[in-house]
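This note is addressed to a colleague who is meeting the structure for the first time. The points below concern its internal spaces and the packing of its helices.

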Amino acid sequence: MMLVLFALPVPALSASGQDLVEQELRIPAHGAGKKGLEAVMVRPSEPGPHPLALVNHGAPRAGSDRRKMTPSEMLPQAREFARRGWTTVIVMRRGYGASGGDFAEDARACGRNPDFYGSGVESANDLREAIAYLSKLPEVDPARIISIGRSAGGFATVALTAKPPAGLVAGISFAGGRGSPAADEVCNAPDLINAFRKFGKTSRIPMLWVYAQNDHFFSPQLAAEFYKAFTAAGGTAQFVSAGPFGTDGHHLFSQAGIPIWTPMVDAFLQSQNLVLRQASADNSPQVP
């Protein structure tokens, strides 16, 4: 499948004194048909290649909202990584936004036989294919790759580390998990915890996990169970319990949360010797 690039306006980010290049693209993937996976690349304007930061989304509680999602919803977060020197790509998995293919991540969370593990594997498969394709582009240094996800995307990143592609050196999960049909409710939580345990058995990629204390998808107590199961099985993660954020801390990894989560990310990247460029202290939200 051919890569299709569409030029977007190039915004000047005055807070960092840098220009970023933004492009829409389509990433070929098995099961995604002719459309491929919808994605947006945000990268420094300086000639590359630059290390890759793959950013991936969560899953709305209402399945009918999956096709309404767009990469633009995560552009502010992607720009923060691009400002730090990363070629950053927001990718929509199969069944979301304008990506091709059918939704492949159904965990049957509230059914009698949930399959959180299989759901995570399917999500990670899309990320793995995106990385394989992007690694061949001139804008990308394939030797240094990180994956960042929130909610179901954080869970997908955990799954990705359990079977890591070449070049993956770190993962970041914001409020990672699946199976919350309503506020402060999670279906079949023991099965979800066990999925984290299974991923931990083979995951050895360093990770950062961030959960806010007022997360109404995955409570602090449940997040602690995820972490205990994952690390006891052999997984490696730094756990950060963030203070309350807004009315639901599940949305910390957002434009409004930039002043809070960027110092956490910077500290983690520094601990992994992955600081590419010092970002400006001014983390005020940027708009296209």
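1. The lining of the largest cavity comprises seven nonpolar, two polar and one charged residue. The model in which this cavity is found is a predicted one. The residues concerned are Phe174, Ala175, Val210, Tyr211, Ala212, Asp215, Gly249, His250, Leu252 and Phe253. Strand 9 (residues 207-212) is the greatest contributor to this lining, with three residues. The volume of the largest cavity is about 40 Å³.

2. How many cavities of 30 Å³ or more does the structure hold? There are two. The second largest cavity encloses about 30 Å³ of space, and its lining is formed by His57, Met69, Thr70, Glu73, Met74, Met92 and Arg150. By class, these residues are three nonpolar, two polar and two charged.

3. Pockets should be considered separately from the cavities. The largest pocket holds about 380 Å³ of space. Its lining consists of 22 residues, and Pro60, Arg61, Arg178, Gly179 and Ser180 are those nearest the centre. Twelve residues of this lining are nonpolar, five are polar and five are charged.

4. The second largest pocket has about 160 Å³ of space. It is lined by His57, Gly58, Ala59, Met69, Glu73, Arg150, Ser151, Phe217, His250 and His251. This lining divides into three nonpolar, five polar and two charged residues. His57, Met69, Glu73 and Arg150 line the second largest pocket and also belong to the lining of the second largest cavity. His250, another residue of the second largest pocket, is likewise found in the lining of the largest cavity.

5. Turning to helix packing, helix 4 (residues 189-200) and helix 5 (residues 220-232) have axes 7 Å apart, at an angle of about 35°. Their crossing is right-handed. Helix 4 contributes Ala189, Leu192, Ile193, Phe196, Arg197, Phe199 and Gly200 to the contact, and helix 5 contributes Leu222, Glu225, Phe226, Ala229 and Phe230. Nine of the contact residues are nonpolar, one is polar and two are charged.

6. Helix 1 (residues 75-83) and helix 6 (residues 258-271) cross at roughly 40°, and their axes come within 12 Å. The two helices are therefore oblique to each other. This crossing, too, is right-handed. Pro76, Gln77, Glu80 and Phe81 of helix 1 make the contact with Ile258, Trp261, Thr262 and Val265 of helix 6. The contact residues comprise five nonpolar, two polar and one charged.

Notes: Residues are numbered from 1 along each chain as its sequence is written. This is a predicted model: local features need pLDDT of at least 70, side-chain atom pairs count only at pLDDT 80 or more; totals for chains, interfaces and linings use all residues. Side-chain values use heavy atoms; hydrogens and water are left out. Axes are lines fitted to C-alpha atoms, for helices over the stretch in contact, and angles run from 0 to 180 degrees between N-to-C directions. Helices (H or I, at least four residues) and strands (E, at least two) are DSSP runs, numbered from the N terminus. A crossing is left-handed if the near helix is turned anticlockwise from the far one by less than a right angle, and right-handed if clockwise. Contact means heavy atoms within 4.5 Å. Ala, Val, Leu, Ile, Met, Phe, Trp, Tyr, Cys and Pro count as nonpolar, Asp, Glu, Lys and Arg as charged, and the others, Gly among them, as polar. On a 1 Å grid over the protein atoms alone, a cavity is a set of points where a 1.4 Å probe fits but cannot get out, and a pocket is an open set with protein on both sides within 12 Å along at least five of seven lines; lining residues have an atom within 4 Å of a point. Grid points are joined across faces, edges and corners, and a volume is the space filled by probe spheres set on the points. Angles under 35 degrees count as roughly parallel, over 145 as roughly antiparallel, 65 to 115 as roughly perpendicular and the rest as oblique.
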